[in-house]
Amino acid sequence: MAQYENELYLSFGNNEEDKALLEPFNYLVPVIGKTIDLRLSEALNYWLKVPQDKFCVIRDIIQTVYIYSILIDDIQDDSELRKNKPVAHNIYGIAGTINAANYSLLVALEKVFALHHSESVKVYGEQLKELHKGQGLEIYWRDNYICPSETAYKKMTTLKTGTFYKLALRLMQEFSECKEDFSFLIETLSIYKQIRNDYFNLYHEKNVDTRTYADDITTGNFSFPIVHAIQSHPDDKQIMNILRQRTKDIDIKRYCVSMLKKFGSFDYTRTVLKELDKKVREEVQRLGGNPLLVQILDELMNWKIQDVE
């Protein structure tokens, strides 16, 4: 991705003022880089063949919404690090970071208008609503100590994680002759990606001596292995009680992870990941093949590396 037009503030009138207001946003641009989530639009364009000028605008809209969500998510989770760098709100403050995040959505909306398509604003609004609904459900469950069912978890994921994929697809299809139904692919991929993230957060101990080790336990989030453990062992309250503590204690978090292993939650998660990877690859083949998407899927398979046992 071309350094993202790193001057996001140029979209508005007073460049110096906007540059200052958007500092928390622009701080994250090089931190985030060109993630798999953001590369998906390029993979979809293998099929959709959107004109380059429109594609560049849509790509920027997706990245803006993506970074917005991270700025807000880090505040809501009281995170400390993002890819081993301080989170934006610990540098620029919570108030300034929230304002920058909200302001960036208006920058993205301006770009949506620039597409000059009657449905673009509607699509943008609908997907932002889904994003906040998914995020809201996750927070509601966490703050009220309600463990969702696996089905509810997957539905939340298609709203929260799937927003970036669906927003990219829906905007791109407005400028494409390809009207194929990609909904199964997008929903399955979003669930796969989120479960993979949950698995890495809890299973892999590469950050065992840092504040990022198993931070889903610290935030109290009902990630996929935790949902399985609680739902499959409803009479054992240990994991739920640990989540209530929002602990940062490494030993307690290690104990919680050992419970997840004992309950077979990581084995179950790996089985689900294998099934989802298979379904996505089969759907890619059904749609005619896509080497860019297959490359992304191959990279996502690094969860199979068993570096802890």
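**Exercise 1. Classify the residues that line the second largest pocket, and say where they come from.**

Solution. Begin with the classes: the lining of the second largest pocket divides into 2 nonpolar, 6 polar and 9 charged residues, where Ala, Val, Leu, Ile, Met, Phe, Trp, Tyr, Cys and Pro count as nonpolar, Asp, Glu, Lys and Arg as charged, and the others, Gly among them, as polar. The structure is a predicted model, in which local features need pLDDT of at least 70 and side-chain atom pairs count only at pLDDT 80 or more, while totals for chains, interfaces and linings use all residues. Residues are numbered from 1 along each chain as its sequence is written, and side-chain values use heavy atoms, with hydrogens and water left out.

Next, take the volume, which is about 290 Å³ for the second largest pocket; a volume is the space filled by probe spheres set on grid points that are joined across faces, edges and corners. A pocket, on a 1 Å grid over the protein atoms alone, is an open set of points where a 1.4 Å probe fits, with protein on both sides within 12 Å along at least five of seven lines, and its lining residues have an atom within 4 Å of a point.

Then locate the lining: of the 17 residues that line the second largest pocket, Asp77, Asp78, Glu80, Thr218 and Lys248 are the closest to its centre. Helix 11 and helix 14 (250-262) each supply at least two residues of this lining, and helix 11 gives the most, with 3 residues. Helices here are DSSP runs (H or I, at least four residues), as are strands (E, at least two), numbered from the N terminus.

**Exercise 2. Describe the lining of the largest pocket in the same way.**

Solution. The largest pocket has a volume of about 1,500 Å³, and of the 48 residues that line it, Tyr66, Arg82, Lys193, Asn197 and Asn201 are the closest to its centre. By class, this lining holds 15 nonpolar, 19 polar and 14 charged residues. Among the elements that each supply at least two residues of the lining are helix 3 (36-48), strand 1 (81-82) and helix 11 (215-219), but the most comes from helix 4, with 8 residues.

**Exercise 3. Find the salt bridges and place three of them in the fold.**

Solution. A search of the whole structure finds 17 salt bridges, each being a side-chain nitrogen of Lys or Arg within 4 Å of a carboxyl oxygen of Asp or Glu.

- Arginine 170 and glutamate 126 meet at 2.6 Å, N to O. Because arginine 170 lies in helix 9 (residues 162-173) and glutamate 126 in helix 7 (residues 120-143), the pair ties together parts that are 44 residues apart in sequence.
- Lysine 154 and glutamate 150 form a salt bridge with their closest N and O atoms 3.1 Å apart, and both lie in helix 8 (residues 150-160), 4 residues apart, about one turn of the helix.
- Arginine 286 and glutamate 180 meet at 4.0 Å, N to O; this pair links distant parts of the chain, arginine 286 being in helix 15 (residues 265-286) and glutamate 180 in the loop between helix 9 and helix 10 (183-203), 106 residues apart.

Finally, Asp77, Arg142, Asp143 and Arg246 are linked in a network of salt bridges, and Asp77 is also one of the residues closest to the centre of the second largest pocket.

**Exercise 4. Is arginine 286 buried or exposed?**

Solution. Apply the cut-offs: buried means under 20% relative accessible area, exposed over 50%, and partly exposed in between (1.4 Å probe, protein chains only). At 52%, arginine 286 counts as exposed, whereas its partner glutamate 180, at 36%, is partly exposed.
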